[in-house]
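The exercises below are meant to be worked with the coordinates open, and each task is followed by a solution that goes step by step.

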2 protein chains.
Amino acid sequence: MQAMHKHISGFSNPTVKYLRSLRDKKHRKRAGQFLVEGLRLLEDARESGRVPQMLVMAEGNERAAAGHEVLAGLVRSVEAGGGEVITTTPDILSKITGKDNAQSVAGVFDEWDTGLARLDRGAAPIWLAAQALRDPGNLGTMLRTADAVGAGGLILIDDCADPFSAEAVRASMGAVFTVQVAQARWDEFVPWLRGGEGQLVAASLREAVPYRGAGYQAPCFILVGNESQGLPESYEAECDLRVTMPMRGRADSLNAAVAGAVLAYEVLAALDG
Amino acid sequence: MQAMHKHISGFSNPTVKYLRSLRDKKHRKRAGQFLVEGLRLLEDARESGRVPQMLVMAEGNERAAAGHEVLAGLVRSVEAGGGEVITTTPDILSKITGKDNAQSVAGVFDEWDTGLARLDRGAAPIWLAAQALRDPGNLGTMLRTADAVGAGGLILIDDCADPFSAEAVRASMGAVFTVQVAQARWDEFVPWLRGGEGQLVAASLREAVPYRGAGYQAPCFILVGNESQGLPESYEAECDLRVTMPMRGRADSLNAAVAGAVLAYEVLAALDG
């Protein structure tokens, strides 16, 4: 089996340059591909029906593949899907991922369509939405929360971090593969939302009701704002329900991903009850 | 006023080397000091009664100080407290903070005592605790949540990230200055906890009750575990109450800081009700 795999031993190999370039958002968008590091995430992807177009393994790991059921299964899936399996040195894999201690395997996936039109709002009672969320860790955490509460998906509004960045994928703990992600400008999102059923809810300090026991209705779209600016006032005004959460300390806000999660669990309890 | 300030123009100045070294945990612990970047955090500190031992401003900013009320007030506080005010070039300040776009001001604070003995468990109905929490962003987020729910403090158990790291301080949005932080090994924490009133609660999959409506009692200590391992089984067994949160997706866990926040808001509602 080993002999079938292409081997890369040079740092200046064009494939190495290409894979490195995928760390940069601009290059990801141009290529329509992204890089996922680590066997666990790759296995999460496979369980969700996503198989990489290219799999890159550090040497030694390839030899281990014969005895490593999960890795061997991944290699077979990639080959069965017409993808390419490449072996290289641990140093080159580190160069590709930009980490001193690189994961011993990485995969390249085609990005998928993130248009609003793909969403079926009737598919779930809860949806998460984030406006101008800049931190990829927060984005990944929200994907993970969306998975946990059984949300239909995460809608990224205006200029958010890239859900296909390595940091967002990692923070999502694989939820990027199972939770639907959509991307839209506010002026696309609002007409889409108002084209069907849907309650838009945001945490707010203006004309808001307590978040416990508020009148949540499915499908409920929970909207959080930018990490430092919050939501623009006109966006809050568009919401059907503005809720406040207790703030007993010095500050008047929570981390965006935390606020979204506390609200999402409240909505989950309300709609279940 | 400007003439009174020491000016540093050389990259190899020993003070520059010292300040740079504070980015490293080992050096922070040896020095007992940490570095805080940005006017907003420094102002948060001052409002909480913490004034830096040393303030470092980029040139230009110092000239602006005369017209900048907040910065000027900060300079006066440092001088009144016997601290040192230093001006330097933007490039050197960037070198100190390790950021291309450095904040234009940074301060050096003495670390403070984080022993358990300082905590007064009767001071608040809710306390947060984290075991082996490795991500400084999660740590800072938990400090911010602790502030929001009016928790007495955050107790860091076993080997956690450093609450005085730049990333934790930044993620805390200043809560590191207002929320009490304690650090302890598990075998110090448990005797301390059992030496008084206190209910230890953790999210768990073992012998647990639903987190909504569980019998929370003040002072309630909410314990979250390591990001990838969760809590050791023996630690869960020590808890007075094990609760489960709905997991409707593929995964069986939330981000640690998110889980802590959802529980903390539930406890807050329960104890208020």
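**Exercise 1.** Which residue of strand 5 of chain B does B:M54 stand opposite?

*Solution.* The model is a predicted one. Begin with the two strands concerned: strand 3 (residues 54-58) and strand 5 (residues 105-110) of chain B run antiparallel and are joined by four bridges. Within this pairing, the residue that stands opposite B:M54 is B:V108. Next, place the pair in its sheet, which is open, consists of five strands of chain B in the order 1-4-3-5-2, and has mixed pairing. The edges are taken by strand 1 (6-8) and strand 2 (33-37) of chain B, each of which pairs on one side only. From one strand to the next, the twist averages 25 degrees. Finally, look for what covers the sheet: helix 1 (residues 14-21) of chain B packs on it and touches strands 1, 2, 3, 4 (84-88) and 5 of chain B, with its direction at about 80 degrees to that of strand 1 of chain B.

**Exercise 2.** Determine the strand order and the edges of the seven-stranded sheet of chain B.

*Solution.* The order is 8-7-6-11-9-12-10, in an open sheet with parallel pairing. Strand 8 (180-184) and strand 10 (209-210) of chain B each have a single partner strand, so one side of each is left without a neighbour in the sheet. As a check on the sense of pairing, take strand 6 (residues 126-131) and strand 11 (residues 220-224) of chain B, which pair in the parallel sense over five bridges; there, B:A130 has B:V224 of strand 11 of chain B as its bridge partner.

**Exercise 3.** Describe how the two domains of chain A meet.

*Solution.* First fix the bounds, with domain 1 of chain A covering 2-110 and domain 2 covering 116-272. The C-alpha centres of these two domains of chain A lie 32 Å apart. Then count the contacts, in which 12 residues of domain 1 of chain A meet eight residues of domain 2 of chain A. On the domain 1 side, the elements of chain A that give two or more residues are helix 2 (25-31), strand 2 (33-37) and helix 3 (39-47), and strand 2 of chain A gives the most, with four residues. By class, this side has five nonpolar residues, one polar and six charged.

**Exercise 4.** What operation lays chain B on chain A, and which elements of chain B give two or more residues to the side that touches chain A?

*Solution.* A turn of 180 degrees with a shift of 0.0 Å along the axis lays chain B on chain A, leaving an RMSD of 0.0 Å; this is the relation of a two-fold axis. The same surface serves both copies, since 100% of the contact residues of chain B recur in chain A. The contact itself involves 28 residues of chain B and 28 residues of chain A. On the chain B side, helix 7 (136-148) and helix 11 (256-272) of chain B give two or more residues each, and helix 11 of chain B gives the most, with seven. That side of chain B has 16 nonpolar, seven polar and five charged residues.

**Exercise 5.** Is A:D162 buried, exposed or partly exposed?

*Solution.* Locate A:D162 in the loop between strand 7 (153-157) and helix 8 (166-171) of chain A. Because A:D162 has 18 C-beta neighbours inside 10 Å, it counts as partly exposed. Leaving aside neighbours within four places in sequence, A:D162 is in contact with A:K25, A:R28, A:P136 and A:A168.

Conventions
Residues numbered from 1 in each chain as written. Chains lettered and ligands numbered in written order. Predicted model: local features only at pLDDT ≥ 70, side-chain atom pairs only at ≥ 80, totals over all residues. Least-squares fit on C-alpha atoms with pLDDT ≥ 70 in both. Contact = placed C-beta atoms within 7 Å. Pairing = 2+ DSSP bridges. Axes fitted to C-alpha atoms, helices over the stretch in contact; angles between N-to-C directions. Domains from an automatic or database assignment. Nonpolar A, V, L, I, M, F, W, Y, C, P; charged D, E, K, R; others polar. Buried ≥ 20, exposed ≤ 12 C-beta atoms within 10 Å, placed from the backbone.
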